[in-house]
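Got the viewer open and a selection tool at hand? Let's walk through the model stop by stop.

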Amino acid sequence: MNPVRPQNTPESPTLLNDLKAEVSAESAPLLQFIVRHSGLIVGVVVILLVALVGTAVWRWHQGGLQAEAQTELARIGITMKGGDRLKALDDLAAKAPENMRYSIYLMQAEFAMQDQDYSRAEQAYATAARLDADGAMGLMAALGQAGALIKLDCPADAVTLLQGLESRATEDGRATLRMLLGEAAEAAGKTDVAIAAYEALAASQPGLDGEFYRSRADALGGGKTAPVKDGAENK
């Protein structure tokens, strides 16, 4: 009777030997590489899995933080007033997710304007504008900042700000920008700038609106501007 041979003898190949026997000569170097670096490969796979799990947990956590910030923002807006409300919005902005901060500062600016705290409003609008420096929402906040500067009796600063925004203004926002620019320039004594803004509004606004801005331009320019026709094309 033949004795039972050990399972790890050359006559009884291991799984690795079976694989080697099945692999073609061309693929043998790849198998050898995998065998030599199997520990490293397993480590990399584990790291990738940990990163994926960590990303999922982070997104879940951020979603929870955003929901909490939205709830707190609504609570502050409904239940608080005055300086306490503005301070609470500052505190919320400091801890809220980044994608919530624009909304928080914009709300703070609007409440500050209601409270006639124009200095606080200007600061909040400016912060919101910086958070979306190249976007339409940032432009809207910057227009609000210009309005606050006019209220602060700083029309020259408002003119400078608005002139820097002209190249970014969309068709929808251009009328608001020109109205603010005309008001600020007139208050700052920049008559030529005010006339140009009012003339542009007169040319783009049909009917009574156009006539109103035409009269304002005429009052500043001595009646040198041409009359506007109803239905004038927007510029």
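What follows is a list of things to select, with a note on what is there each time.

**Before you click**

This is a predicted model, so a few ground rules apply: local features need pLDDT of at least 70, side-chain atom pairs count only at pLDDT 80 or more, and totals for chains, interfaces and linings use all residues. Residues are numbered from 1 along each chain as its sequence is written, and side-chain values use heavy atoms, with hydrogens and water left out.

**Whole chain**

Start with the protein chain in cartoon view. Its secondary structure comes to 11 helices and 0 strands, and reading along the sequence gives α-α-α-α-α-α-α-α-α-α-α. Helices here are DSSP runs (H or I, at least four residues), strands are E runs of at least two, and numbering goes from the N terminus.

Switch to a surface. The chain exposes about 14,900 Å², with carbon and sulfur atoms supplying 58% of that; such areas come from the Shrake-Rupley method with a 1.4 Å probe, and for residues only the protein chains shown count as cover. Of the 235 residues, 31% count as buried. For these labels, buried means under 20% relative accessible area, exposed means over 50%, and partly exposed is in between (1.4 Å probe, protein chains only).

How much of the contact set joins residues at least 24 apart? Among contacts between residues at least 6 apart in sequence, the share is 46%, where contact means heavy atoms within 4.5 Å.

**Stop 1: Met100**

Select Met100, which sits in helix H5. Is it buried or exposed? At 6% relative accessibility, Met100 counts as buried. Now show its neighbours: leaving out residues up to four places away in sequence, Met100 touches Gln66, Ala69, Gln70 and Leu73. Try a distance label on one of these: the C-alpha atoms of Met100 and Ala69 are 7.6 Å apart, though 31 residues separate them along the chain.

**Stop 2: Gln116**

Move along to the loop between helix H5 (98-114) and helix H6 (118-131), where you'll find Gln116. Check its backbone: phi is near 60 degrees, a positive value in a residue other than glycine. Gln116 is exposed, at a relative accessible area of 58%.

**Stop 3: Met137**

Next, pick Met137 in helix H7. This one is partly exposed, at 42% relative accessibility. Not counting residues up to four places away in sequence, Met137 touches Tyr102 and Asp132. Add Leu106 to the selection too: Met137 and Leu106 are 31 residues apart in sequence, with 9.8 Å between their C-alpha atoms.

**Stop 4: H7 against H8**

Select helix H7 (residues 136-151) and helix H8 (residues 155-165), which pack at about 160 degrees with their axes 8 Å apart. That angle makes H7 roughly antiparallel to H8. The axes are lines fitted to C-alpha atoms, for helices over the stretch in contact, and angles run from 0 to 180 degrees between N-to-C directions. Under 35 degrees counts as roughly parallel, over 145 as roughly antiparallel, 65 to 115 as roughly perpendicular and the rest as oblique.

The crossing of H7 and H8 is left-handed, a label used if the near helix is turned anticlockwise from the far one by less than a right angle (clockwise would be right-handed). For sticks, include Leu139, Leu143 and Ile150 from H7, which are among the residues that meet H8. By class, this contact has 11 nonpolar, 1 polar and 1 charged residues. Here Ala, Val, Leu, Ile, Met, Phe, Trp, Tyr, Cys and Pro count as nonpolar, Asp, Glu, Lys and Arg as charged, and the others, Gly among them, as polar.

Before leaving, click the loop between H7 and H8, home of Asp153. Its phi is near 65 degrees, again positive in a residue other than glycine, and at 64% relative accessibility Asp153 counts as exposed.

**Stop 5: H8 against H9**

Keep H8 and add H9: their axes come within 8 Å and cross at roughly 145 degrees, in a left-handed crossing. Among the contact residues are Val159 and Leu162 of H8 and Leu177 and Leu181 of H9. Which classes meet here? The contact of H8 with H9 divides into 13 nonpolar, 1 polar and no charged residues.

**Stop 6: H9 against H10**

Finish with helix H9 (residues 171-188) and helix H10 (residues 191-204), whose axes come within 8 Å and cross at roughly 150 degrees. That makes H9 roughly antiparallel to H10, and the crossing is left-handed. Residues to show include Arg178, Met179 and Glu183 of H9, along with Tyr198 and Leu201 of H10. The contact of H9 with H10 has 10 nonpolar, 2 polar and 3 charged residues.
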